[in-house]
Amino acid sequence: MTSPRIALVTGAARGIGAAVAERLAADGLAVAVADLDERACAEVAARIASAGGRALAVPIDVSDESSVARGVAHVAERLGPPTVLVNNAGVLRDNLLFRMTNDDWSTVMDVHLRGSFLMSRAAQGHMTKAGFGRIVNLSSTSALGNRGQANYAAAKAGLQGFTKTLAIELGKFGVTTNAIAPGFIATDMTRTTAERMGVSFEELVEHGVKDIPAGRVGTPADIAAVASFLAREDAGFVNGQVIYVAGGPKD
Ligand code: NAP
């Protein structure tokens, strides 16, 4: 029997990241569940183990170079070399431009853009050595522009250029890089958005659904299904793509 592929999912303590981690584990991969909150990672890892999978909880702050180096080395040692990386960790610091602080800007850039850069750079050596790799970056429909999200939109659009460039550089090593651009997904992140806007989550959903041809908002499982496909061995000719998962056309 060949040993299972090793996946590393960032921001995996909850929301989309947790769903991706659980889905990849159900697909037969061993999964490193990485997030800031180690205890929350351990809960997700325990759920994976009780469903019969193999998981390791690992604290990683993706915006911190030494934390990334430590975390990736720990995964390689304890679970095996990570050859599937899902750059999912994310934060919001929404504000209209005139109110956006330097900190709002740099926090979002540090987690989404710098974090995906640091993680991909740290993991790519394991992938090129194995002659196989899958990098999946979480972009967003906000990359196309969204009021109150100059920082987030710039980071998520930046991730699309980052994705295409890694696809060009790493393709010949058997490593694909793709991005998923979700629309409205029901998670703590969108609940926080509702709070910030001073509306209930139900009101935000009701308003959001009006613009979604599928007639519903998305779930973390909708995103996990696409990540699962992109991580597959037979998805190796899909490279440098941005897949909008938004219940209808975007772009
Ligand atoms: P979420 O529920 O807020 O989860 C994000 C996770 O990332 C949290 O566990 C968070 O930890 C963690 N995180 C934050 N900063 C981190 C860091 N520096 N290092 C490691 N982990 C960190 O968000 P989500 O809705 O699942 O979103 C997941 C990804 O999808 C994000 O990249 C987001 O931008 C993207 N996305 C989401 C939607 C949506 O509608 N939900 C739409 C488009 C794109 P803490 O809780 O400790 O901060």
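In which helix does Lys 156 lie? Lys 156 lies in helix α5. The legends below start from the ligand and move on to the strands and helices. The model is predicted.

**View 1. The ligand is surrounded by 28 residues.** The closest are Arg 14, Asp 35, Asn 88, Tyr 152 and Thr 187. Sorted by class, the shell around the ligand holds 13 nonpolar residues, ten polar ones and five charged ones. Four helices each supply at least two residues of this shell: α1 (15-26), α4 (102-130), α5 (150-170) and α6 (188-197). Which helix gives the most? That is α6, with three residues.

**View 2. Two domains meet the ligand.** Domain 1 covers residues 6-183 + 221-242, and domain 2 covers residues 186-217. Where does the ligand lie relative to the two domains? Both domains give residues to the shell around the ligand, so the ligand lies between them.

**View 3. Polar atoms of the protein meet polar atoms of the ligand.** Look first at Asp 35. A polar atom of the Asp 35 side chain is 2.7 Å from a ligand oxygen. Next comes Val 62. Here a backbone N or O atom lies 3.1 Å from a nitrogen atom of the ligand. Finally, find Lys 156. One of the polar atoms in the Lys 156 side chain sits 3.0 Å from an oxygen atom of the ligand. How much of the ligand does the protein bury? The ligand taken alone exposes 890 Å², and the protein buries 90% of that.

**View 4. Lys 156 sits in helix α5.** Is Lys 156 buried or exposed? Its relative accessible area is 3%, under the 20% cut-off, so Lys 156 counts as buried. Now compare sequence and space. Lys 156 and Leu 113 are 43 residues apart in sequence. Their C-alpha atoms are 7.8 Å apart in space.

**View 5. Strand β1 is mostly covered.** Five of the five residues of β1 (residues 6-10) are buried. In a regular strand, side chains alternate between the two faces of the sheet. Ile 6, Leu 8 and Thr 10 are on one side of β1, with Ala 7 and Val 9 on the other. Both faces are covered. Strand β2 (residues 30-35) pairs with β1 in the parallel sense, over five bridges. In β2, Val 31 stands opposite Ala 7.

**View 6. Strand β4 pairs with β1 and with β5.** Three bridges join β1 to β4, and these two strands run parallel. Ala 7 of β1 has Val 84 as its bridge partner in β4. Four bridges link β4 to β5, again in the parallel sense. Here Val 86 stands opposite Val 136 in β5. Which residues point each way from β4 (residues 84-87)? Val 84 and Val 86 point one way, while Leu 85 and Asn 87 point the other way. All of these residues are buried.

**View 7. Strand β6 is largely enclosed.** Why is β6 described this way? Eight of the eight residues of β6 (residues 175-182) are buried, so the strand is largely enclosed by the rest of the structure. Val 175, Thr 177, Ala 179 and Ala 181 point one way. Thr 176, Asn 178, Ile 180 and Pro 182 point the other way. Strand β5 (residues 133-138) pairs with β6 over six bridges, in the parallel sense. One residue to pick out is Asn 137, whose bridge partner in β6 is Ala 179.

**View 8. Asn 178 of strand β6 contacts the backbone of Val 238.** Asn 178 is buried, with a relative accessible area of 1%. What lies 2.8 Å from a polar atom of the Asn 178 side chain? It is the backbone oxygen of Val 238.

**View 9. Ala 73 and Ala 123 lie in two helices, α3 and α4.** Ala 73 belongs to α3 (residues 65-78). Ala 73 is partly exposed, with a relative accessible area of 43%. Ala 123 belongs to α4. Ala 123 is buried, and its relative accessible area is 1%. These two alanines are 50 residues apart along the chain, and 9.1 Å separates their C-alpha atoms. Then find Leu 56. Ala 73 and Leu 56 are 17 residues apart along the chain, with their C-alpha atoms separated by 13 Å.

Terms used: Residues numbered from 1 in each chain as written. Predicted model: local features only at pLDDT ≥ 70, side-chain atom pairs only at ≥ 80, totals over all residues. Heavy atoms only, no water. Near = heavy atom within 4 Å. Polar contact = N/O pair within 3.5 Å; in protein donor to acceptor, adjacent residues only side chain to side chain. Areas by Shrake-Rupley, 256 points an atom, 1.4 Å probe, with all protein chains shown as cover. Nonpolar A, V, L, I, M, F, W, Y, C, P; charged D, E, K, R; others polar. Domains from an automatic or database assignment. Buried < 20%, exposed > 50% of the residue type's maximum accessible area, 1.4 Å probe, protein only. Pairing = 2+ DSSP bridges.
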